[in-house]
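This report goes through a structure of protein chains step by step. Keep the sequence and the 3D view at hand while reading.

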Amino acid sequence: MKKLIVLLTALMMFPLTGCMGELTLNNMSRDIAKYELVQTIGVDSYASDGVTVSVSAPAVGDDASPLILTGTGGTVIGALEKLHNYAPKDKIFYAHTKNYIIGEDAAKSNIPGYLDFIERDMNMRLDTALFIVKEGTAEDLVTQTGEDDTEITQILLSMQKNTDLLSDCKVFTCGEVAANLAEYGCSLVAAVSLIEAENVVSGAGTMTALPAGYGIIKDGRLIDYVDAELVSGANVFIDGGMDADVMEIDDGYGGVMAFRTTLTRCEPEPVYENGVLQYINVNVTLTANIDSVSSNIDIYDNAVLSELESKISAEQEKRIEEILTFSQDLDTDFLAIGRRIELKAPVKFAKMPDKWEDIFSETMFNLSVDTDIERTYDMREPAGVSGENNA
Amino acid sequence: MKTMRNDKISMRQLMTIAFVSVLAPSIQLIPETVVNYGGSASWLAPLAAVIPVGFLVWLFCRLMGAMKEGEGLTQLMTRVLGTFLGKLVAIAYAVWFLVYAGLMLRSTGERFLSTIYDNGNLNVFIIITLLLVIIGASGHLKSLARSSGVFVIFISILLVIIFLFAIPEINTENLLPVTYLDTKPILTASLSVIHVISPFAYLAFLGGGVKKDPKPVKTVSRWIGLLMIIIMLLLVTTIGTFGEVLAGRIQNTFFAMIRNITIFDIIERIESEVVAIWVVTDFVFLSFLVMSSSEILRVVTVREKRKGFVWLCAGAVLLISFLAAPNAFVLTDLLERLVPIINLSAVFGGLTLIFIVGKLRRKL
């Protein structure tokens, strides 16, 4: 009897393996060659309460071309499932989705509603990168970008890697945004724009996606953008937002210098008096390395270096001041400064007579930016400058 | 021919069963319930649970030590409480084990549906798991212990891999701040940790098949301590990855965290393998619950063999798994609200009372 049970149980295991095609449980076998592996999903609002989805699966193989499909439905999952009918292969597989794009109109209506699909569906991962299309639709971004064998997935993945070189924006994941919205009621989301790629990449007329700052989400809706010129100030407060940046400064000697800057410290320090928050000292320290010199400036002169450090500090201070003013004008702590001062003095923060949300827009910030120019790279002095008559 | 003595297992082997078993309810309730009570500081809840769990380890060892040769907790109960009351209380425990096993069996099936087989048939998973449990519970305690010994190695390797690759996903700010204001939430959250650990004490019902250990507290503490560390790591990785609010809202947070893991940008989506491997914890947990209840019925009815009772118990477990909850929402509610109350009462109330009465009546 026992042997019979063991045998029967072992036989019942086979349909669970997923290796027997039609014989498996609910036909769940997954032969990867028969699947279109979607890596980017875009969503837009459609009609009064519907959804347009646009998906993109990169080309696999030499002569293959990417699969790009668009469809509509009442919900994201409803629209996605309808696309199976149009796939050239057996099935579309969404479990390897890396990018989730929300069109501007959809973002203005209900971000949590669109995020719910990523949070709830068992195929989706919370570490999927999230984007908002500034002044455009996700459908345009997915269907119009790229050429021949490239498509939006490669463009967005490349953009994420480039943030190590240029702090255009930090790409947040769906999980991070969902957590921010749940905990603080607001969040930033990387914004991208659809542009014609003339003068940038070969093949003028090709459409591509470029970073366009951050979308600001409050109460579940897109309320505004942190424009590209304010991003540098915002990134100082964002963990991983400023791995490296390039700052161009007028050197005062008739040229422009480029500095590769990295953030070494940004610590908002709350100052309390009798339990009441008086103001916040924002102390920022930058490290700058000289990456380009176009005049006869003597970068080995301490006085010159100090002057350059002051210029970089002043420029960065201006940027930080602008983003803080913008944030306070919107009455939205999208930089999560409240969270940072809470971590500095949690008990005082918890016992403040007024809630942070109520006092944020009136809070005073004292900025202090300190810059250290530490080194240059291969070249000691600009090419063409001779002897001791520099500067 | 094997003697009864040869069929006995050591305390260390019994603890391997406890170790594997406790991991089954752990991932169901941790971090969801713990976070909902304790917030971002709830990863410290295992530390707050040390004293109550330490007491339980002591109580378990004292009860095991008070058992005579071949005695389990059922026989000890009849000795302490008298034949009628002792048997009645033991039957109450057996009924609870069957209800608990029924809910856990259903939960095992639900986990497959909510993490891998979205359109699957729940009954298939329930029946296959139960058939395996019948085999596990019908066999010797030694067989279950040896299986657990093998599973411990697999699961330990798996946990080490998961925790290592989860580290890059952790944002330490999600685990902070921790202040004295968190004391009460942490203590409340520790109840969930204590509840998750507490079923190991039910193994005392199988005490008749366990050799006497010269240092039981040391052996048991070592394994239960390891479990507490694992629970703490589960909390740190899940809360650190998702933050307190999201971690408290996600269903199957542990598997959602694993879904995010990418190994060297080469391997990803390993959660289905982990779910499949994790079923061994359910197998051991359910087997020991069915084995314990069938052992209680055997002792109460004064029979030689308990195999027939295993089928009876399995039938009851199947019935309960089908009827106890109309849907996954009710099941979750029962597992998160009702089960902890009964478990904590049965372990801390019931077993402590038996020990005190036994002492007062000089039966221990």
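Helices and strands are DSSP runs, numbered from the N terminus, where a helix has at least four residues and a strand at least two. With these terms, B:P177 can be placed in the loop between α8 (141-166) and α9 (183-197) of chain B. The model described here is predicted.

**Chain B as a whole**

Chain B contains 15 helices and two strands. Its radius of gyration is 20 Å, close to the 21 Å that the globule rule gives for 364 residues, so chain B is as compact as a globular protein of that length. Taken along the principal axes, the box filled by the C-alpha atoms of chain B is roughly 60 × 45 × 40 Å.

**Backbone details**

Most residues other than glycine have a negative phi, and most peptide bonds are trans. The table lists two cis peptide bonds of chain B.

| Residues joined | Omega | Place of the proline |
|---|---|---|
| B:I30 and B:P31 | about 10° | B:P31: loop between α1 and α2 (32-38) of chain B |
| B:L176 and B:P177 | about 0° | B:P177: loop between α8 (141-166) and α9 (183-197) of chain B |

In chain A, A:E135 has a phi near 50°, which is a positive value in a residue other than glycine. A:E135 lies in the loop between β7 (129-133) and α5 (138-144) of chain A.

**The cavity**

How many cavities of 30 Å³ or more does the structure hold? There is one, and the space in the largest cavity is about 40 Å³. Its lining consists of B:P25, B:Q28, B:L29, B:Y100, B:M104, B:H195, B:L335 and B:V339. Helices α1 (11-29), α6 (83-115) and α15 (328-360) of chain B each supply at least two residues of this lining. The largest share, three residues, comes from α1(B). By type, the lining residues divide into six nonpolar, two polar and no charged.

**A nonpolar patch on the surface**

Which residues form a nonpolar patch on the surface? They are A:M1, A:L4, A:L7, A:L8, A:L11 and B:W311, so the patch takes in residues of chains A and B under a rule that joins nonpolar side chains within 5 Å. Together these residues have about 660 Å² of accessible area. Helix α1 (residues 2-13) of chain A gives the most to the patch, with four residues. One residue found in this helix is A:L7.

Technical notes: Residues numbered from 1 in each chain as written. Chains lettered and ligands numbered in written order. Predicted model: local features only at pLDDT ≥ 70, side-chain atom pairs only at ≥ 80, totals over all residues. Heavy atoms only, no water. Patch = residues over 30% accessible without salt bridge, like charges linked within 9 Å, V, L, I, M, F, W, Y side chains within 5 Å. Areas by Shrake-Rupley, 256 points an atom, 1.4 Å probe, with all protein chains shown as cover. Salt bridge = Lys/Arg side-chain N within 4 Å of Asp/Glu carboxyl O. 1 Å grid on protein atoms, 1.4 Å probe; cavity = no way out; pocket = protein on both sides within 12 Å on 5 of 7 lines; lining within 4 Å. Points joined across faces, edges and corners; volume = space filled by probe spheres on them. Nonpolar A, V, L, I, M, F, W, Y, C, P; charged D, E, K, R; others polar. Rg over C-alpha atoms; globule rule 2.2 N^0.38 Å.
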